[in-house]
Amino acid sequence: MKTSIQTSRKKKKFLRWAKIGLLVYCLVGVAVYHLQEKFLFHPKALAANAPFDFNAPHTEVNIPVDATTNYHLVQFTTNQPAKGVLLYFHGNMKNVNHYASAATNMTNDGYEVWMIDYPGFGKSTGELTEEAMYQQALQVYKLARTKYKPSDIVIYGRSLGSGVASQLASIRDCKRLILETPYYSLTSVAARYFWMYPLDQMIRYKFPTNEYLAKVTAPVTIFHGTADGVIPYSNAQRLKEVLKQQDEFITIEGGSHNDLHRFDQLNVKLHKLLEESPSLTSTSL
């Protein structure tokens with residue numbers, strides 16, 4: 001009788017904890033689904049007439065789409081006739097102000113650097129969706145093509161922007177695609193924390209960089225640090241399986257997510273890449 005009572009109590013205790021566990025699982029799942037934009041994007045909006053706090057020579061360009069959508073582009077210029085343009089797709093923080101310092105070395109190498117803010121970032125407005133970011137990148141490329149040949153266009157993606165840059169390079173020609181701290185896919189990064197959920201159905205922002213890279217015919221160079229705590233080095237390494245023979249995956253020992261610009265290994269290589277002659281394989285229009 002005593003054993004039967006103890007068994008019954010254990011069963012009730014197990015069921016109680018199972019219910020609590022299921023409730024926590026469901027609550028976290030609901031939060032992941034409904035708050036994923038909060039987890040993923042950290043924009044800082046700016047008024048249309050707000051001044052930027054960088055001193056580099058630049059021009060601001062607005063690309064109106066509709067009554068509520070305007071894409072805002074900052075074009076960092078060179079002191080001499082530019083030999084090309086680098087289209088820079090930034091990460092998930094704030095706005096162009098946060099990334100403007102990256103333009104200096106590239107403009108010194110003779111390239112204009114065009115940075116666009118995603119919808120809701122900086123002075124850009126409109127609905128923020130994955131497809132909208134792809135369409136925005138395409139509009140920037142089309143604008144660049146009014147001034148430059150594909151062989152004079154470098155596409156650069158940093159962190160979140162690596163998925164956007166890869167998608168663009170998969171459908172349009174360029175001199176080279178450069179990725180800094182990229183991910184295999186956003187779903188795969190989310191799986192590091194939420195592996196127990198059906199993420200393919202839950203995550204609205206896929207950014208499958210791996211799928212896009214498989215379609216890129218231009219040379220690809222990837223930089224990733226071994227101490228990256230945001231996008232693990234092991235996640236980026238998986239991109240090697242879709243790289244071509246001519247592509248490069250450059251490991252920066254000790255580099256983390258936000259400090260690769262401090263390593264000579266990245267700066268020297270970037271200078272070399274921007275100095276080299278065009279190497280364009282024509283596949284798309």
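Which residues are buried in α5? The legends below take up that question and several others, using a predicted model.

**View 1. Helix α5 and its buried residues.** In α5, the buried residues are Glu-130, Ala-132, Met-133, Tyr-134, Gln-136, Ala-137, Leu-138, Val-140, Tyr-141 and Ala-144. Among the elements that cover them are the strands β3 (69–76), β4, β6 (111–116) and β7, together with α6 and α9. The length of this helix is easy to check for yourself: with 16 residues at 1.5 Å a residue, α5 should span 22 Å, and its end C-alpha atoms are 23 Å apart, which agrees.

**View 2. Helix α6, largely enclosed by the rest of the structure.** Helix α6 covers residues 161–171, and 10 of its 11 residues are buried, so the rest of the structure largely encloses it. If you would like to find them one by one, the buried residues are Gly-161, Ser-162, Gly-163, Val-164, Ala-165, Ser-166, Gln-167, Leu-168, Ala-169 and Ser-170. Their cover includes β4 (84–89), α5 (130–145), β7, β8 (176–180) and α9 (209–213).

**View 3. Val-85 in strand β4.** Here we settle on a single residue. Val-85 is buried, with a relative accessible area of 0%. Setting aside neighbours within four places in sequence, Val-85 is in contact with Tyr-111, Glu-112, Trp-114, Ala-144, Tyr-148, Asp-152, Ile-153 and Val-154. One of these, Ala-144, is also a buried residue of α5. Lys-149 lies 64 residues from Val-85 along the chain, and the C-alpha atoms of the two are separated by 9.6 Å.

**View 4. The largest pocket and its lining.** The space in the largest pocket comes to about 1,000 Å³. Its lining is made up of 36 residues, and those nearest the centre are Asn-92, Ser-159, Leu-160, Val-230 and His-257. At least two lining residues come from each of α2 (36–40), α3 (96–99), α4 (103–108), β7 (153–158), α7 (186–194) and α11 (264–275). Helix α7 gives the most, with 5 residues. By residue type, the lining has 22 nonpolar, 12 polar and 2 charged residues.

**View 5. The second largest pocket.** This pocket has a volume of about 190 Å³. The residues that line it are Ala-56, Pro-57, Phe-76, Thr-77, Thr-78, Asn-79, Gln-80, Ala-100, Ala-103, Thr-104, Thr-107 and Asn-108. Helix α4 supplies the largest share of this lining, 4 residues. The lining residues divide into 5 nonpolar and 7 polar, with no charged residue.

**View 6. Aromatic pairs and a cluster.** Across the whole structure, a search finds 9 aromatic pairs. In one of them, the ring centres of Phe-52 and Phe-54 are 5.0 Å apart and the planes lie at 20 degrees, so this pair is stacked. Phe-52 and Phe-54 are both buried. Another pair, Tyr-233 with Phe-249, is edge-to-face, at 6.0 Å centre to centre and with 70 degrees between the planes. That pair links distant parts of the chain, 16 residues apart: Tyr-233 belongs to helix α10 (residues 233–237) and Phe-249 to strand β10 (residues 248–252). Tyr-233 and Phe-249 are buried too. Finally, look for the aromatic cluster formed by Phe-41, Tyr-118, Phe-121 and Tyr-205.

Key
Residues numbered from 1 in each chain as written. Predicted model: local features only at pLDDT ≥ 70, side-chain atom pairs only at ≥ 80, totals over all residues. Heavy atoms only, no water. 1 Å grid on protein atoms, 1.4 Å probe; cavity = no way out; pocket = protein on both sides within 12 Å on 5 of 7 lines; lining within 4 Å. Points joined across faces, edges and corners; volume = space filled by probe spheres on them. Nonpolar A, V, L, I, M, F, W, Y, C, P; charged D, E, K, R; others polar. Buried < 20%, exposed > 50% of the residue type's maximum accessible area, 1.4 Å probe, protein only. Contact = heavy atoms within 4.5 Å. Expected span 1.5 Å × (residues − 1). Phe/Tyr/Trp six-rings, centres within 6.5 Å; stacked < 30°, edge-to-face > 60°.
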